[in-house]
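These are my notebook entries on what I looked up in this model, set down in the order in which I went through it.

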Number of protein chains: 2
Amino acid sequence: MTDEAFGAFRDELIDSGLVIDAGAEGLYGRSFDYERIVSGIMGLTTRTGADEGATTVHFPPVIPRWLLERTDYLKSFPDLTGSVHSFRGDDKMHARLLALVDAGDDWVEVLEPADVVLRPAACHPVYPLCTGGPLPAGGRRFEVHGWCFRHEPSRDPARMLAFRMHEFVYVGDPGGADGHSEVWVARGTEMYESLGLEIDVVVANDPFFGRAGKVLAANQRAEALKLEFVSPITSTESPTAIGSVNRHQDHFGSTFGIESADGAVAHSACFAVGVDRTALALLRRHGLDISSWPAAVQARLWP
Amino acid sequence: MTDEAFGAFRDELIDSGLVIDAGAEGLYGRSFDYERIVSGIMGLTTRTGADEGATTVHFPPVIPRWLLERTDYLKSFPDLTGSVHSFRGDDKMHARLLALVDAGDDWVEVLEPADVVLRPAACHPVYPLCTGGPLPAGGRRFEVHGWCFRHEPSRDPARMLAFRMHEFVYVGDPGGADGHSEVWVARGTEMYESLGLEIDVVVANDPFFGRAGKVLAANQRAEALKLEFVSPITSTESPTAIGSVNRHQDHFGSTFGIESADGAVAHSACFAVGVDRTALALLRRHGLDISSWPAAVQARLWP
């Protein structure tokens with residue numbers, strides 16, 4: 001995909017007023033109409049999983065630093081991390097901070113790390129809720145959505161620094177995790193297709209960092225642990241992932257000491273909708289004038 | 001206010017399941033019921049300002065670093081800042097990062113500042129939208145809400161690290177800014193009182209940092225530039241600000257070069273609802289069992 005193709009759709013979105021250049025690469029404001037699409041997608045996602053009996057939980061855009069450290073995120077995706085730093089000095093140190101800012105120099109050297117980092121995926125804060133004894137038979141199910149951050153500045157409008165993710169998560173035994181994945185591959189496909197989107201479900205890998213990451217990516221693909229729902233946004237030849245189904249095996253179970261009902265290390269899996277990417281796929285598919293979208297699609301989004 | 005009083009209400013909220021300890025001081029998850037209150041408050045706020053003809057815009061929880069630098073935020077509130085840092089190194093630097101993490105050492109030294117910082121107030125990204133020529137006669141009005149961050153870890157449940165703010169903003173001439181403030185003092189009071197909250201409107205100041213901050217705070221109070229809607233949350237003697245009306249004079253106008261219709265430096269003002277604090281004030285006032293809240297209050301929140 002070329003920068004020109006990214007740029008063309010990005011310009012169209014910004015010219016239409018649906019998306020606003022917020023002044024940093026990959027950072028966008030959203031219009032009222034764009035957010036109507038977002039609300040529609042999130043409502044449809046909730047209705048699609050309404051029979052799961054999931055516990056709905058909401059978390060802020062930041063998570064504890066220890067959570068990121070424990071999940072191997074720094075090993076796998078250091079480049080996507082958003083570490084939060086603040087100022088804890090006195091008046092003298094403050095004078096130094098302001099002198100650096102005035103000189104146009106790098107002022108962050110006087111900051112110290114805060115106890116939080118930006119949340120890379122909606123589901124991360126859910127797993128620590130599952131500790132403290134074996135899970136009930138059948139495991140636990142969560143619905144969770146909210147703002148996520150990945151540091152990958154890009155001209156591609158589908159690669160936003162900050163975006164919404166909406167997930168249905170299962171934590172329990174291996175069979176339950178596999179079942180959750182199977183169910184949501186089917187449900188996700190049906191949900192996206194009901195919006196008129198052309199969808200392929202493909203084996204994929206996370207963007208693991210560096211040389212060691214190549215091995216991790218190959219293993220993930222070999223076991224088909226990650227399936228992506230891809231649909232054209234900036235390109236028909238290279239469609240974009242607008243959702244995924246992920247089997248984590250015992251990654252989170254062993255990391256946080258989660259026990260399934262029979263006392264074994266818990267497995268987990270999630271279905272994740274990339275809400276902003278799904279909005280962009282809809283705008284690409286049906287056009288930038290929402291009022292002209294097919295009635296059936298509008299009825300699905302805004303019943 | 002004592003730590004014990006904070007702790008008592010915090011424990012009640014967590015025991016009820018409405019609020020979840022997210023693993024860092026000042027960081028909380030929210031239940032489905034808690035978020036119903038939030039949605040109700042935001043819907044009521046929108047309806048209260050529906051006749052403003054405001055442009056609704058949405059922005060992510062992060063803003064460009066240059067925006068924070070230009071707004072004097074580092075001068076006034078360095079301690080509340082959330083600067084975002086990421087990893088931009090190679091495999092060798094990555095090995096060093098992981099060695100630091102494994103040793104339990106401070107690993108942030110290998111990070112570099114990203115182009116973004118956490119958003120301290122909902123309205124900050126709005127002002128750069130007003131540049132590029134004089135504003136229309138009558139100025140511009142915006143409705144904006146979303147996640148904000150202030151680094152002030154505390155046991156006080158009303159002092160969250162990450163919280164929602166919902167604002168109506170005016171940018172235009174000085175008379176329009178004063179008018180916006182007057183209208184919203186009245187509307188805000190009526191809105192909060194319609195929810196059964198006991199409200200006082202008081203002259204207040206922002207928590208300006210350090211020695212120089214004392215002068216800024218005194219000036220702000222002397223001119224009554226900030227009025228807060230206060231209501232009991234953890235204490236009846238020291239009620240908490242759950243909303244505010246702020247006259248910025250030409251602070252943002254001169255910072256960003258915004259011109260009013262007659263070519264003068266624009267003035268601005270905003271009405272801001274602390275959405276999470278308003279939710280807590282309602283829980284304090286009407287109890288933790290939402291279904292037992294007065295019918296009139298429920299009708300206002302969920303018409």
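Before starting on the cysteines I fixed the terms: a residue is buried when its relative accessible area is under 20%, exposed when it is over 50%, and partly exposed in between. I also note at the outset that this is a predicted model.

**Entry 1, cysteines.** I looked for disulfides and found zero over all chains. Why does Cys123(A) have no bond to Cys270(A)? A disulfide needs two cysteine sulfur atoms within 2.5 Å, and the closest cysteine sulfur to that of Cys123(A), in Cys270(A), is 4.5 Å away, which is too far for a bond. I then checked Cys130(A), whose sulfur has its closest cysteine sulfur in Cys123(A), at 11 Å, again too far for a bond. Cys123(A) counts as buried at 3% relative accessibility, and Cys130(A) counts as buried at 2%.

**Entry 2, a sheet with strands from both chains.** I followed the strand order and wrote down an open sheet of nine strands with mixed pairing, running β9(A)-β10(A)-β11(A)-β12(A)-β8(A)-β7(A)-β3(A)-β2(B)-β1(B). Its edge strands are β9 (200-203) of chain A and β1 (19-21) of chain B, each of which pairs on one side only. On average, and with direction ignored, neighbouring strands of this sheet are turned by 25 degrees against each other. Within the sheet I looked at β8 (residues 162-172) and β12 (residues 267-274) of chain A, which pair in the antiparallel sense over eight bridges; there Val169(A) stands opposite Cys270(A) of β12(A).

**Entry 3, helices on that sheet.** Helix α2 (residues 32-48) of chain A packs on the sheet and touches β7 (140-149), β8 and β12 of chain A, its direction making about 5 degrees with that of β8(A). Helix α9 (residues 275-286) of chain A lies across β8, β10 (226-231), β11 (240-249) and β12 of chain A, and runs at about 40 degrees to β12(A).

**Entry 4, strand β7 of chain B.** I asked myself how many of the 10 residues of β7 (residues 140-149) of chain B are buried. The count is eight, so the strand is largely enclosed by the rest of the structure. I traced its partners next: β3 (residues 55-58) of chain B pairs with β7(B) in the parallel sense over four bridges, with Val57(B) bridged to Val144(B). Strand β8 (residues 162-172) of chain B runs antiparallel to β7(B) and is joined to it by 10 bridges, and in this strand Arg164(B) is the bridge partner of Trp147(B).

**Entry 5, Val116(B) and the interface.** Val116(B) lies in strand β6 (residues 112-118) of chain B and is buried, with a relative accessible area of 1%. Leaving aside neighbours within four places in sequence, its contacts include Ala24(A), Leu27(A), Phe149(A) and Leu161(A) from chain A, as well as Val62(B), Ile63(B) and Val84(B) from chain B. I then turned to the contact between the chains as a whole, which takes 62 residues from chain B and 62 residues from chain A. The two chains bury about 4900 Å² between them, 71% of it on carbon and sulfur atoms. Two salt bridges cross this interface; I also recorded a salt bridge between the side chains of Arg211(A) and Asp91(B), at 3.7 Å from N to O.

**Entry 6, salt bridges.** Over all chains the count comes to 24 salt bridges. In the one between Glu35(A) and Arg164(A) the closest N and O atoms are 2.7 Å apart. Glu35(A) lies in helix α2 and Arg164(A) in strand β8 of chain A, so the pair ties together parts that are 129 residues apart in sequence. Glu35(A) counts as buried at 10% relative accessibility, and Arg164(A) likewise counts as buried, at 7%. Following these two residues further, I found Arg30(A), Glu35(A), Arg164(A) and Asp276(A) linked in a network of salt bridges.

In chain B I looked up Asp51(B) and Arg187(B), which form a salt bridge with the closest N and O atoms 2.7 Å apart. Asp51(B) sits in the loop between α2 (32-48) and β3 of chain B, and Arg187(B) in helix α6 (residues 174-194) of chain B, 136 residues apart. Is each partner buried or exposed? Asp51(B) counts as exposed at 58% relative accessibility, whereas Arg187(B) is buried, with a relative accessible area of 19%.

Methods
Residues are numbered from 1 along each chain as its sequence is written. Chains are lettered from A and ligands numbered from 1 in the order in which they are written. This is a predicted model: local features need pLDDT of at least 70, side-chain atom pairs count only at pLDDT 80 or more; totals for chains, interfaces and linings use all residues. Side-chain values use heavy atoms; hydrogens and water are left out. Buried means under 20% relative accessible area, exposed over 50%, partly exposed in between (1.4 Å probe, protein chains only). Two strands pair if DSSP finds at least two bridges between them. Axes are lines fitted to C-alpha atoms, for helices over the stretch in contact, and angles run from 0 to 180 degrees between N-to-C directions. Contact means heavy atoms within 4.5 Å. Buried area is the accessible area (1.4 Å probe) that two parts lose on being put together, summed over both. A salt bridge is a side-chain nitrogen of Lys or Arg within 4 Å of a carboxyl oxygen of Asp or Glu.
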